[in-house]
Amino acid sequence: MKRKEIDPRIDLASEDAPREWFVYLKPGHHLDGAHCFGAGAQIKATMRRVRPCSCHDCMKEEPK
Ligand SMILES: [Zn+2]
């Protein structure tokens, strides 16, 4: 499974083990205040909880 098949808001997802992902969100998104997190087989359900983020780091990294 490629990251774009999971969710377009994912910047980088490494599959550490089968169905074990470590996800980095694109700037402007967060999950419970975090920009990266580990996720298992329920990664798509987890991504539904991702919310827009306007923290200092996300604003700084916003594409021009
Ligand atoms: Zn942020």
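The following paragraphs lead through the strands, the zinc site and the salt bridges of this structure. The model is predicted.

The account begins with the sheet. Three strands form an open sheet in the order E1-E2-E4, and their pairing is antiparallel. The edges are formed by E1 and E4, the latter covering residues 36–39, and each of these strands pairs on one side only. On average, and with direction ignored, neighbouring strands of this sheet are turned by 20 degrees against each other.

One half of this arrangement is the pairing of E1 with E2. Strand E2 comprises residues 20–25, and its antiparallel pairing with E1 extends over 6 bridges. Two of the residue pairs may be located directly in the model: Glu 15 stands opposite Trp 21 in E2, and Ala 17 has Glu 20 in E2 as its bridge partner. E1 and E2 form a hairpin with 2 residues between the strands, and in this hairpin Arg 19 takes a positive phi near 65 degrees. Away from the turn, Asp 11 has its place in E1, which spans residues 10–17. Asp 11 and Leu 25 are 14 residues apart in sequence, yet their C-alpha atoms are 5.0 Å apart in space. With a relative accessible area of 39%, Asp 11 is classed as partly exposed, because this value falls between the 20% limit for buried and the 50% limit for exposed residues.

The other half of the sheet is the pairing of E2 with E4, which is likewise antiparallel and extends over 4 bridges. Here Tyr 24 has Cys 36 in E4 as its bridge partner. The side chains along E4 alternate between two faces. Phe 37 and Ala 39 point to one face and are buried, whereas Cys 36 and Gly 38 point to the other face and are not buried.

The next feature is the metal site. The zinc ion is coordinated by four atoms, namely NE2 of His 35 and the SG atoms of Cys 53, Cys 55 and Cys 58, at 2.0 to 2.3 Å. The angles among the 4 donor atoms run from 105 to 113 degrees, and the site is tetrahedral. This assignment holds because four donors count as tetrahedral if all angles lie between 85 and 135 degrees. In sequence, the donor residues follow the spacing H-x17-C-x1-C-x2-C. Two of these donor residues can be described further by their accessibility: Cys 53 counts as buried at 13% relative accessibility, and Cys 58 is buried with a relative accessible area of 3%.

The last topic is the charged pairs. The structure holds 3 salt bridges. One of them joins the side chains of Arg 9 and Asp 7, with an N to O distance of 2.7 Å. Asp 7 lies in the loop between helix H1, residues 3–6, and E1. The two partners fall into separate accessibility classes: Asp 7 is buried, with a relative accessible area of 10%, while Arg 9 is partly exposed at 23%.

Another salt bridge is formed by Arg 49 and Asp 32, whose closest N and O atoms are 2.7 Å apart. Arg 49 lies in the loop between helix H2 (43–47) and strand E5 (51–52), and Asp 32 lies in the loop between strand E3 (29–30) and E4, so this pair ties together parts that are 17 residues apart in sequence. Arg 49 counts as partly exposed at 41% relative accessibility, and Asp 32 counts as exposed at 62%.

A further salt bridge links Lys 60 with Asp 57, the closest N and O atoms being 3.6 Å apart. Lys 60 and Asp 57 are separated by about one helical turn, because they stand 3 residues apart in helix H3, which covers residues 56–61. Lys 60 is exposed, with a relative accessible area of 56%, whereas Asp 57 is partly exposed at 39%.

Definitions and conventions:
Residues are numbered from 1 along each chain as its sequence is written. This is a predicted model: local features need pLDDT of at least 70, side-chain atom pairs count only at pLDDT 80 or more; totals for chains, interfaces and linings use all residues. Side-chain values use heavy atoms; hydrogens and water are left out. Buried means under 20% relative accessible area, exposed over 50%, partly exposed in between (1.4 Å probe, protein chains only). Donors are N, O and S atoms within 2.8 Å of the metal (3.2 Å for Na, K and Ca); water is not among the atoms, so sites may look incomplete. Four donors count as tetrahedral if all angles lie between 85 and 135 degrees; four count as square planar and six as octahedral if opposite donors are over 155 degrees apart and all others between 65 and 115; anything else is irregular. Two strands pair if DSSP finds at least two bridges between them. Axes are lines fitted to C-alpha atoms, for helices over the stretch in contact, and angles run from 0 to 180 degrees between N-to-C directions. A salt bridge is a side-chain nitrogen of Lys or Arg within 4 Å of a carboxyl oxygen of Asp or Glu.
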